[in-house]
Amino acid sequence: MHDSDERFPPPRCHAGTREAVIYRVFDWYGYQQRPGKPIMWIYAPAGYGKTAIAGTMSEKLEEKAAELRFSLIGATFFFWRTSEERNSPARFIITLTYQLFISIPDLVPHIERAVKRDPMIFSKALEVQLMKLIIGPFRALGDTSHMPTRLIIVDGLDECINSDQESRVQKRYAEDQETVQRRVLDLIHTLASQSFPLSFLILSRPEPWIKQHVESAKFKDLVEPIDLYEVGDNMDDVEKFVREELTRIGVDDEDLAQRLVQHAGGHMLYASTVIRHIDDPNYDPRTRLQSLLDGSSSSNHDLTHSTPFSSLHELYRQILRSCHEGNSRTMVEVLGELMASDEYDLRFSHGAPLDEVVPIFDGLSGRDPGSGMRAIRGLHSMLNTSYSGNWFIHSSFPEFLRNPDLSLEFAVDDKEKVVFQRLLSGCLDCLSTITLGSTEALDELHVQYALFNWQWVWYDWVYLTDSGPTGKAERSDICRKLLSVDLMACFVHAFSLPDDKRLFIYHSATLGVPGSNNFMFEDGAKDIYDSEPLAQQAVLHLTHSFTAAICHILKPARLGSGGWSKTFVNAVAQYLKERVEQAGDWSDDWRCDTVIQSLKTLRRESNADFVRLKEDIDEFCEEKPDNYLNYMDMVFDYICID
């Protein structure tokens, strides 16, 4: 949604810019008289301010709504490639329904009735959700010709890259992004074809499959396409932005202002990146701008000025080259780690500061403390200072880094496996120093990260490692390294550390599952488990250590008066759920299960602690699907039998 906390502060157009396209949208969308075509598609390449336009439209419509005393915005949805909440259509219809429920009060009883009739509607196919939650309630209103038209804004359609069925485990097999983006368009088409008082503003890159679908026969009479680059005066917009920002920073130099405007070539992302680069209290902004423009002028003119993107790519190269030459290798390493974190989810929590995360990478990669932040000090214009689902201010920068033809010596192309192998090896090095009696190293953030999340680094590394002889040798080496780690001690410490002030997220995955179903070799990697004895030994070592650690924590003599850590509660609940799924109800296997028997012992010898643990597990399961609580009831009923 346009006003969600995840997007704060939301992108907005600079005051006085993009006015032509905003007026064009207002001319098309009339809340009193429905537009001739209910869908407007605004398209442009990356960096042309599409999301800022969507945000500004939302803001202006809210201001107008305050005057009219009813909402002009029906709903908004902002897709975002690196957000698990917003990079698939899974929540698309539900989110639109919620906002229409708020913005059109007449729909409320009909939506409520639809949910009561089918409480499972939220887990059904998107097309079914659309029909029952939106189309059905609108039809129930009867004649809607007297109602004002509400605008639904859908930004970043090209950022919708995963199917609604996608999960963390299935990430690499997710539905093709072209298919899923066409599916979203078809959902919008179905709704726009109903003659309801709704208009749709879609903003995206002009990807070939999106363009082809929008220009197809079924969309032709419904869509008004707008090429953002052809609307308004991009040069004037950039000049206005540049002059006001240079004045704010204190750079009063007409020649530099004109040169920056010329170099930007109407490309707002170029101009805004330059402004962020020179707006650094550690440097003189005028000198930095002069150096940047002089360096760009000395490069190949045709390459720099052939297109706005060529100019932007040259700007990226100039900024990267402005960093200390001795740090360039470390800089590329850190950028690769940040890209891997965005692409594969290294479990950093929302808001984790960059200057605390990079030292974790330093520790795991064997770099000198502080070297990572020193290496990227000059890149603040391209990087977010805290984690919000992605580390990069704009997606064009990691795209540039992945293309060696563009980024040249700074390329981070096809190096994800190297990154994960380096981080995994560092995690196992950290774990190898830990024993039950050792606590000194646990104050180090990179050691804590290794304790909690080495399994996710392993998970991604396995899938990035080839199946040939080289990959097999690498896996054997890593398995040997894991076998040398006292994992039982590691799990005990992970279960015992406090939950607060953590920069990363813990999830126990399928740690207690034996055989090839263990997370270490799930799905497409099961053949590795079946064919490699070292892999089988590694899984056995992991599962035995995991259960031994739970049993160690459950010893009544070890318990204090403090509460259980969420990490431990998570681990016990996940383990018990997996045991029920494997063995079934009241299986003979339960009599031999060391964790279940330890819980029985805890109940007999310290019933108060047992009750408290069960309450914590129940609270944890309330946030999970219904089967969690059902499984817990089955196990605890068995445990409570003397």
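## Exercises on a predicted model

Ser 388 sits in the loop that links α17 (371-375) to α18 (396-402). The model you are looking at is predicted, so let us work through it together, one exercise at a time.

**Exercise 1.** Decide whether Ser 388 is buried, partly exposed or exposed, and find how far its C-alpha atom lies from that of Asp 342.

*Solution.* Start with the cut-offs: a residue is buried under 20% relative accessible area and exposed over 50%. Ser 388 has a relative accessibility of 25%, so it counts as partly exposed. Next, turn to the distance: the C-alpha atoms of Ser 388 and Asp 342 are 9.8 Å apart, while 46 residues separate the two along the chain.

**Exercise 2.** Place His 277 in its helix, classify its burial and list its contacts beyond four places in sequence.

*Solution.* First, the helix: His 277 belongs to α11, which covers residues 268-278. Second, the burial: its relative accessibility is 1%, so His 277 is buried. Third, the contacts: leaving aside residues up to four places away in sequence, His 277 touches Arg 288, Leu 292, Ile 319, Ser 322, Gly 378, His 380 and Ser 381.

**Exercise 3.** Work out how α16 and α21 are oriented to each other and describe the residues of their contact.

*Solution.* Begin with the geometry: α16 (residues 354-365) packs against α21 (residues 445-464) at about 80°, and the axes are 8 Å apart. Angles of 65 to 115 degrees count as roughly perpendicular, and α16 and α21 are therefore roughly perpendicular to each other. Now pick out the residues: α16 contributes Glu 356, Ile 360, Gly 363 and Leu 364, and α21 contributes Leu 445, His 446, Tyr 449 and Ala 450. Sorted by type, this contact of α16 with α21 has five nonpolar residues, two polar and one charged.

**Exercise 4.** Find which residues touch the most other members of the largest nonpolar core, and which helix gives that core its largest share.

*Solution.* The largest nonpolar core has 122 residues, and Leu 335, Leu 379, Leu 431 and Leu 576 touch the most other members. Its largest share, 10 residues, is supplied by α21. Then zoom in on Leu 379: with residues up to four places away in sequence left out, Leu 379 touches Ile 319, Leu 320, Cys 323, Met 331 and Leu 335. Finally, look for a second, separate core: it has 43 residues, among them Ile 93, Leu 100, Leu 107 and Leu 222.

Terms used
Residues numbered from 1 in each chain as written. Predicted model: local features only at pLDDT ≥ 70, side-chain atom pairs only at ≥ 80, totals over all residues. Heavy atoms only, no water. Axes fitted to C-alpha atoms, helices over the stretch in contact; angles between N-to-C directions. Helix = DSSP H or I, 4+ residues; strand = E, 2+ residues; numbered from the N terminus. Parallel < 35°, antiparallel > 145°, perpendicular 65-115°, else oblique. Contact = heavy atoms within 4.5 Å. Nonpolar A, V, L, I, M, F, W, Y, C, P; charged D, E, K, R; others polar. Core = buried A, V, L, I, M, F, W, Y, C linked by side-chain atoms within 4.5 Å. Buried < 20%, exposed > 50% of the residue type's maximum accessible area, 1.4 Å probe, protein only.
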